[in-house]
Amino acid sequence: MGRKKETHFLLDGVFTQDMSNEDVWRKVEPFVKSSLMGDNICMFAYGQTGSGKTHTLTSVTEAAAQLMIDEMNFSKFDLRVSSLQIYLEKV
């Protein structure tokens, strides 16, 4: 039997269960701001069912929209968010 190949990933941040949505926002805000300037970003949430992944990502999306209105002075904007769920190895 062959050896399994190791895979390494570089992550910009890992959030623990004791972090608030505000803590998460402070970490992802620079990435969100770069997306407002045309960069593509990806936020990946992994964890146990019912642990708050959707709630946190929804809060980040709402904060991004508010940032666009308040700080970026956009009176009109198009915010597109895509999401998918992988559960039991099925998309």
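Let me start with Gly-13, which is partly exposed because its relative accessible area is 39%, where buried means under 20% relative accessible area, exposed means over 50%, and partly exposed is in between, with a 1.4 Å probe and protein chains only. Gly-13 sits in the segment before α1, and the helix names follow DSSP runs numbered from the N terminus, helices being H or I runs of at least four residues and strands being E runs of at least two. The C-alpha atoms of Gly-13 and Ser-51 are separated by 18 Å, with their positions 38 residues apart along the chain.

Before going further, I should say that this is a predicted model, in which local features need pLDDT of at least 70 and side-chain atom pairs count only at pLDDT 80 or more, while totals for chains, interfaces and linings use all residues. Residues are numbered from 1 along each chain as its sequence is written, and side-chain values use heavy atoms, with hydrogens and water left out.

Now to the pockets. A pocket here is found on a 1 Å grid over the protein atoms alone, as an open set of points where a 1.4 Å probe fits, with protein on both sides within 12 Å along at least five of seven lines, and lining residues are those with an atom within 4 Å of a point. Grid points are joined across faces, edges and corners, and a volume is the space filled by probe spheres set on the points.

The second largest pocket holds about 1,000 Å³ of space. Gly-13 comes back at this point, since the residues closest to the centre of that pocket, out of 30 that line it, are Gly-13, Phe-15, Phe-44, Ala-45 and Tyr-46. The elements giving two or more residues to this lining are α1 and α2. Sorted by class, the lining of the second largest pocket has 16 nonpolar, 11 polar and 3 charged residues, where Ala, Val, Leu, Ile, Met, Phe, Trp, Tyr, Cys and Pro count as nonpolar, Asp, Glu, Lys and Arg as charged, and the others, Gly among them, as polar.

The largest pocket has a volume of about 1,400 Å³, and of the 35 residues that line it, Met-43, Leu-57, Ser-82, Ser-83 and Leu-84 are the closest to its centre. Both α1, residues 21-36, and α2, residues 53-70, supply at least two residues of this lining, with α2 giving the most, namely 8 residues. The lining of the largest pocket divides into 18 nonpolar, 13 polar and 4 charged residues.

Leu-84, one of those closest to the centre of the largest pocket, lies in the segment after α2, and it counts as exposed because its relative accessibility is 63%. Leu-84 and Thr-54 are 30 residues apart in sequence, and their C-alpha atoms are 11 Å apart in space.

What makes up the largest nonpolar core? It consists of 10 residues, Val-24, Trp-25, Val-28, Val-32, Leu-36, Val-60, Ala-64, Leu-67, Met-68 and Met-72, a nonpolar core being a set of buried Ala, Val, Leu, Ile, Met, Phe, Trp, Tyr and Cys residues joined through side-chain atoms within 4.5 Å. Both α1 and α2 supply at least two residues of this core, and the largest share, 5 residues, comes from α1. As general background, nonpolar side chains in soluble globular proteins tend to be buried together.

Turning to α2 itself, this helix has 18 residues and reaches 26 Å from its first C-alpha to its last, close to the 26 Å expected at 1.5 Å a residue, the expected span being 1.5 Å times one less than the number of residues. The buried residues in α2 are Ser-59, Val-60, Ala-64, Ala-65, Leu-67 and Met-68, and they pack against α1.

Why does Val-60 count as buried? Its relative accessible area is 4%, and therefore Val-60 is buried. Leaving aside neighbours within four places in sequence, Val-60 is in contact, meaning heavy atoms within 4.5 Å, with Val-24, Trp-25, Val-28, Val-32 and Met-43. Val-28, on the same basis of not counting residues up to four places away, touches Phe-15, Met-43 and Val-60.

Finally, Leu-79 is placed in the segment after α2 and counts as partly exposed, because its relative accessibility is 34%. Not counting residues up to four places away in sequence, Leu-79 touches Thr-61, Ala-65 and Met-68.
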